[in-house]
Amino acid sequence: MHSSMPFRTRLLLSFVIVIMLALMLPAYYARQLFRGEILDDAQAGAIRELRLAALLIEQRGGFDGEQDLHDWLADLGARLDARVTYITEGGRVIADSHLVYPHVADLDNHGLRPEILDAERDEYGLSQRFSATLDKDMLYAAKRVQAIAGLPAGFLRLAVPYAGIRSRLERLQQNFFVVFGLALGMAFVLSVILTRTMGRSIKEMIDVAEAIGKGDYKKRIRFFPGSEFEPLARAINTMAGNINSQVSTITEQALELEAILDGMREGLMVLDGSGRILKVNRALVRIFPDATLFVERRPLEIVLSPELQAACDRAVAGGVDAQGPQTIQIEPEKDRIYDVTIMPLNPGERGLGAIIVFHDISELKRLERVRRDFVANVSHELRTPLTTIKGYSETLLTNRKADGKTAQKFLEIILKNADHMAKMVEDLLHLSRLESGKQQFSPERVSAADALAEALRTCEPLAQAKNIRLASSLPEAGAFVRADFDRLVQVFRNLVENAIKYGPEDSVVSVDFAQAEGETVFGVSDFGPGIPKEEASRIFERFYRVEKHRTKHAGGSSGLGLAICKHIVERLGGRIWVAPRQDADTGSVFHFTMPADTSGEGDPA
């Protein structure tokens with residue numbers, strides 16, 4: 001059942017209602033927003049004047065008594081056009097700019113005033129209330145001040161009249177009503193004009209019908225000019241909707257397939273029936289950036305692998321019935337290895353010939369190499385102390401006539417190598433806990449200078465044995481970072497011990513630092529033989545040592561120090577790397593970063 005009210009009138013009323021809601025809600029929100037800004041501005045002004053008054057008191061340096069303070073505040077209050085009060089920590093008022101001095105003692109205890117209570121907890125206290133002393137509303141701001149000569153510690157309070165703020169709010173409210181009325185009037189006039197365009201809706205019906213006939217199935221009739229035309233308009237919209245639904249279903253299926261292909265981590269290449277590239281996904285473009293330029297060309301033009309091209313040719317020629325999936329491995333560039341699967345399709349099926357999937361197994365191969373190297377390295381590290389223990393033990397067993405001094409020497413050597421193996425096992429367990437996340441960390445604000453000093457005290461005997469001087473450029477107070485103190489000491493100790501071990505006698509091991517954006521960079525420098533560039537990325541692996549240094553220093557440590565450093569630094573949110581010295585022909589600098597902690601800057605000493 002349709003309303004007897006004319007369509008034009010209904011449309012006009014709808015416009016008026018919608019426009020009123022659209023204007024009232026933003027207007028109310030803006031009024032509240034400006035009201036808050038005015039109050040915030042008044043409070044900020046009071047705080048600024050309060051800070052100025054506190055600064056002037058501090059700069060004056062002292063007062064001859066409470067009356068001297070009272071007279072000074074009276075002058076200051078007149079200049080600031082505000083009431084200034086000084087309240088001791090017990091709540092007693094000793095000076096007030098708006099009272100004569102003898103009346104100050106008659107004031108109530110102000111210790112429980114809201115602004116004073118807030119100032120005790122925070123930097124500033126604010127409140128707005130009626131002042132019985134001045135008989136008007138006031139805005140109060142209070143701040144704690146320290147004791148100076150002739151002035152006890154307490155609170156400085158500043159009060160400004162609230163009447164000016166209220167008048168600004170009232171003017172704002174009046175302006176809002178005026179603007180709202182004007183906007184509503186203009187909106188009403190505009191609505192009247194818009195309703196006169198009702199006749200254009202009939203033309204819209206004609207345009208929609210023509211658009212559907214030309215294939216634009218998303219066109220719809222939005223306005224019905226009258227009940228007589230409503231069945232026709234609905235029929236046209238229904239027809240267009242059904243057609244558009246079918247087209248959208250096909251499009252969505254295509255987009256879903258596109259999203260699935262682009263969401264794959266593996267690179268995908270689709271070949272047509274002639275063996276040429278029909279489509280590639282985003283992952284393949286990341287692997288081979290020029291892949292999109294080679295559509296409709298042969299795979300060999302993207303990947304220089306004759307083996308891959310031959311497998312693709314066989315898949316396209318034979319089809320799925322003649323030959324199943326093929327799997328090959330290719331290495332298009334150094335240390336980038338891919339496991340490639342070629343799946344043939346039925347010849348001529350939608351013009352498709354084969355699907356090729358590129359799975360990156362570079363990391364898997366790298367881990368396999370690391371595992372093999374780890375087994376070889378740990379075998380080497382364990383063989384030397386085990387051989388020594390076995391040899392000296394057999395000597396003691398076979399040579400029963402050995403004197404006590406010789407036997408003791410042999411036992412000391414056995415004990416030394418057993419201790420070395422025990423340390424190696426302990427470091428392995430420690431490293432395992434770090435890798436599994438079971439090692440607990442307690443990040444806090446830590447002085448890197450204190451951590452380094454602790455590490456240098458531990459390393460000093462080792463350095464004295466080789467006459468190596470330990471130097472540090474870290475300031476005694478500063479270089480604060482966010483870290484676990486004990487773990488940071490361990491990182492410094494491992495790096496310094498490593499530098500001492502490989503550094504020549506009578507040399508220097510130095511530790512420096514630099515501030516970067518949001519982090520602190522530390523560097524441990526030595527004059528050792530250095531790290532070849534091609535091995536710098538592997539130096540932090542377990543037991544990994546540069547080959548030419550292995551014999552000279554074998555058995556000197558567990559071989560796990562740098563690996564432990566890497567895991568600790570990364571767990572604390574930093575990075576670690578090695579670089580050659582820039583100021584010498586030999587030597588290395590082990591850099592690592594820690595998140596800088598500036599939370600204590602500006603704290604009183």
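This report walks through one predicted protein model, from its confidence scores to a sheet, some loops and a few charged side chains.

The model is predicted, so to speak, by a program: local features need a pLDDT of at least 70, side-chain atom pairs count only at pLDDT 80 or more, and totals for chains, interfaces and linings use all residues. Residues are numbered from 1 along each chain as its sequence is written, and side-chain values use heavy atoms, with hydrogens and water left out.

## Confidence

The score pLDDT is the predictor's confidence in each residue, from 0 to 100. For the protein chain the mean pLDDT is 78, and 78% of the residues reach 70 or more. Over residues 548-556 the pLDDT is below 50, and this stretch has 16 contacts in the model beyond near neighbours in sequence. A contact here means heavy atoms within 4.5 Å.

## A sheet of five strands

Helices (H or I, at least four residues) and strands (E, at least two) are DSSP runs, numbered from the N terminus. Two strands pair if DSSP finds at least two bridges between them. Strands of a sheet pair through backbone hydrogen bonds, either parallel or antiparallel.

In what order do the 5 strands of the open sheet come? The order is 12-14-15-17-16, and the pairing is mixed. Strand 12 (469-472) and strand 16 (576-580) are the edge strands, each pairing on one side only. On average, neighbouring strands of this sheet are turned by 20 degrees against each other, direction ignored.

Let's zoom in on one pair. Strand 15 (residues 519-525) and strand 17 (residues 588-595) pair in the antiparallel sense over 7 bridges. Within this pair, Phe522 stands opposite Phe592 in strand 17.

Two helices lie across this sheet. Helix 12 (residues 448-465) lies across strand 12, strand 14 (508-516) and strand 15, and runs at about 175 degrees to strand 12. Helix 13 (residues 485-502) lies across strand 12, strand 14, strand 15 and strand 17, and runs at about 175 degrees to strand 17. For these angles, axes are lines fitted to C-alpha atoms, for helices over the stretch in contact, and angles run from 0 to 180 degrees between N-to-C directions.

## Two loop residues

Now for the loops. Asn467 lies in the loop between helix 12 and strand 12, and Asp506 lies in the loop between helix 13 and strand 14. Asn467 has a positive phi of about 55 degrees although it is not a glycine. For Asp506, also a residue other than glycine, phi is positive too, near 60 degrees.

Are they buried or exposed? Buried means under 20% relative accessible area, exposed over 50%, and partly exposed in between (1.4 Å probe, protein chains only). Asn467 has a relative accessible area of 51%, so it is exposed. Asp506 is exposed as well, because its relative accessible area is 56%.

## Salt bridges

A salt bridge is a side-chain nitrogen of Lys or Arg within 4 Å of a carboxyl oxygen of Asp or Glu. By this rule the count comes to 15 salt bridges. Here are some of them:

| Pair | Closest N to O |
|---|---|
| Arg121 and Asp118 | 2.5 Å |
| Arg336 and Asp360 | 2.3 Å |
| Arg482 and Asp597 | 3.7 Å |

Arg121 and Asp118 both sit in helix 4 (residues 114-121), 3 residues apart, which is about one turn of the helix. Arg121 is exposed at 60% relative accessible area, while Asp118 is partly exposed at 22%.

Back to the second pair: Arg336 and Asp360 form a salt bridge. This pair links distant parts of the chain, with Arg336 in strand 9 (residues 336-344) and Asp360 in strand 10 (residues 352-360), 24 residues apart.

The third pair joins Arg482 to Asp597. Arg482 is in strand 13 (residues 480-483) and Asp597 in the segment after strand 17, 115 residues apart. Arg482 is partly exposed at 40% relative accessibility, but Asp597 is buried at 9%. Salt bridges that share partners join Arg445, Arg482 and Asp597 into one network.

## A lysine without a partner

Lys143 is found in strand 4 (residues 136-145). Lys143 is buried yet has no salt bridge, and the nearest side chain of opposite charge, Glu123, is 5.6 Å away. Lys and Arg count as positive and Asp and Glu as negative, while His and the chain ends are not counted. Leaving aside neighbours within four places in sequence, the contacts of Lys143 include Leu50, Ala54, Tyr124 and Phe155.
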